Amino acid sequence: MKLRIAAVQLNPIIGHVEDNCRRAVQIIEMAFKSRQPPDLIILPELALTGYNFRNREHINPYLELKGQGRSYKLGRQLSEKYHCHTLLGYPEKSRLSSNDFKVYNSAILISPSGDVVFNYRKTFLYETDENWGCVESPDGFQAFNLNIKGHTFKTSIGICMDLNPYKFKAPFDKFEFANFCYKNDVDLVLLPTAWLNTSWSEDWTQNDVDKYTKLYHKEEAIEVNTDESQNEIILAPEEPDHFVRCEPDKKTGRYWILRMNPLYTKPHPGKKKLVIICNRSGMEGSMMYAGTSSIFEFNGGPSRFNEATGDMFIDFNVDGSLGQGNEGVLLRGVEI
Ligand code: GLN
């Protein structure tokens, strides 16, 4: 079947949930106007609230109970309108007692009829998650069956840091999340993220922050990417000599491929594995995100490493990437 996917890259303004919802709807309506709507819409990690919250008090007003908050409402609206599945990240509170909650960084998957299909909680946390009092999922990585148009996909959701080594301390080649996907025969991997840009650094001075913040003051056109001729742009070795918002952050795109290593070094002939990364863009305080939302297909044939040249052959396709600094939609139909 052909699975029609829309990865919706947003630059939400922290705490401006209603504005962010309006903007998301505007971008999606523009992208789907006079086009066949997709089977699956993915939005980023904490897609409508913003991500870089200082502490628990800061995020408190935006926490949502599963299947009840503003993010879920928008996801359901999209699912019902376009008769598709919608996945989006949101900050979840789970009640412990009448005035005590556990907080998770979650992503909710909603069916075309508006029901909750799956609620995944981030397992590997980033420092920012800990700042706002988020706790690890007690269930770890999970795989489940997802039915789309009569086709069952073994699916796994990961959120941003889930793709990295645990706390950046585990061995790089443990590839925890990708190995989980491989071992569980997952064929659809969905990753909402708020991934940082490779041009960004923790050591940025206020000057750096100001310089990049200024770059984002200019309104950039919404990118509706349906152009398959540029699919492999992140693989081209040329790097521009300065930061260009509408070009992908190629290093981040290639890093994501590197982190999926088990999906191409371990063969799975005849069983394609599809990976969709929906990242956010923009500046938030002193943090800058990477955009570059991308779709990868790992086809299952063996990979080969040429010792003499250092070249690696991977049996895979890149189905496009968005720019690093804009908002937009990556629209693709993938045969699976
Ligand atoms: N380490 C990831 C990054 O560099 C994680 C961020 C996150 O979990 N949101 O962006």
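## A tour of a two-sheet chain

The chain holds eight helices and 17 strands; helices are DSSP runs of H or I with at least four residues, strands are runs of E with at least two, and both are numbered from the N terminus. With a radius of gyration of 19 Å, close to the 20 Å that the globule rule gives for 336 residues, the chain is as compact as a globular protein of that length. That radius is taken over C-alpha atoms, and the rule is 2.2 Å times the number of residues to the power 0.38. Please keep in mind that this is a predicted model: local features need pLDDT of at least 70, side-chain atom pairs count only at pLDDT 80 or more, and totals for chains, interfaces and linings use all residues. Residues are numbered from 1 along each chain as its sequence is written.

Along the principal axes, the C-alpha atoms fill a box of roughly 60 × 50 × 45 Å. Of the 336 residues, 46% count as buried. Buried here stands for 20 or more other C-beta atoms within 10 Å of a residue's own, exposed for 12 or fewer, and partly exposed for anything in between, with C-beta atoms placed from the backbone. Among contacts with a separation of 6 or more, 76% join residues 24 or more positions apart; a contact needs C-beta atoms, placed from the backbone, within 7 Å.

**The seven-stranded sheet**

One open sheet has seven strands in the order β5-β4-β3-β2-β1-β17-β9, with mixed pairing. Two strands pair if DSSP finds at least two bridges between them. At the edges are β5 and β9 (223-225), each pairing on one side only. From one strand to the next, the twist averages 30°. Such angles run from 0 to 180 degrees between N-to-C directions, using axes fitted to C-alpha atoms, for helices over the stretch in contact.

Two of the strand pairs in this sheet, and one from the other sheet, are set side by side here.

| Strand pair | Sense | Bridges |
|---|---|---|
| β2 (residues 40-42) and β3 (residues 85-97) | parallel | three |
| β4 (residues 100-110) and β5 (residues 116-121) | antiparallel | five |
| β13 (residues 294-298) and β16 | antiparallel | four |

Between β2 and β3, Ile42 has Leu87 as its bridge partner. Ile108 stands opposite Asn119 in β5. The hairpin of β4 and β5 has five residues between the strands, and Gly114 takes a positive phi near 95° there.

Two helices accompany this sheet. Helix α1 (residues 17-32) lies across β1 (2-9), β9 and β17 (328-335), at about 45° to β17. Helix α3 (residues 70-82) packs on the sheet and touches β2, β3 and β4, its direction making about 150° with that of β3.

**The six-stranded sheet**

The other open sheet to visit has six strands in the order β6-β7-β8-β10-β13-β16, again with mixed pairing. Its edge strands, β6 (144-148) and β16 (316-321), each pair on one side only. Neighbouring strands are turned by 25° against each other on average, direction ignored. Where β13 meets β16, Phe298 stands opposite Phe316.

Helix α7 (residues 250-259) has Lys250, Thr252, Gly253, Trp256, Ile257 and Arg259 buried. These buried residues pack against α5 (176-183), β10 (273-279), β13 and β16.

**Loops worth a look**

Most residues other than glycine have a negative phi. His83, in the loop between α3 and β3, has a positive phi of about 50° although it is not a glycine. His83 is exposed because 12 other C-beta atoms lie within 10 Å. Lys149, in the loop between β6 and β7 (151-157), likewise has a positive phi, near 50°. Lys149 counts as exposed because it has 11 C-beta neighbours inside 10 Å.

A further stop is Gly310, in the loop between β14 (304-305) and β15 (312-313). With 7 other C-beta atoms within 10 Å, Gly310 is exposed. Its C-alpha atom is separated by 40 Å from that of Ile148, 162 residues away along the chain.

**Around the ligand**

Glu45, Tyr126, Cys160, Met161, Asn164, Ala194, Trp195 and Leu196 surround the ligand; a residue is near a molecule if its C-beta atom, placed from the backbone, lies within 6 Å of it. This shell divides into six nonpolar residues, one polar and one charged. For that split, Ala, Val, Leu, Ile, Met, Phe, Trp, Tyr, Cys and Pro count as nonpolar, Asp, Glu, Lys and Arg as charged, and the others, Gly among them, as polar.
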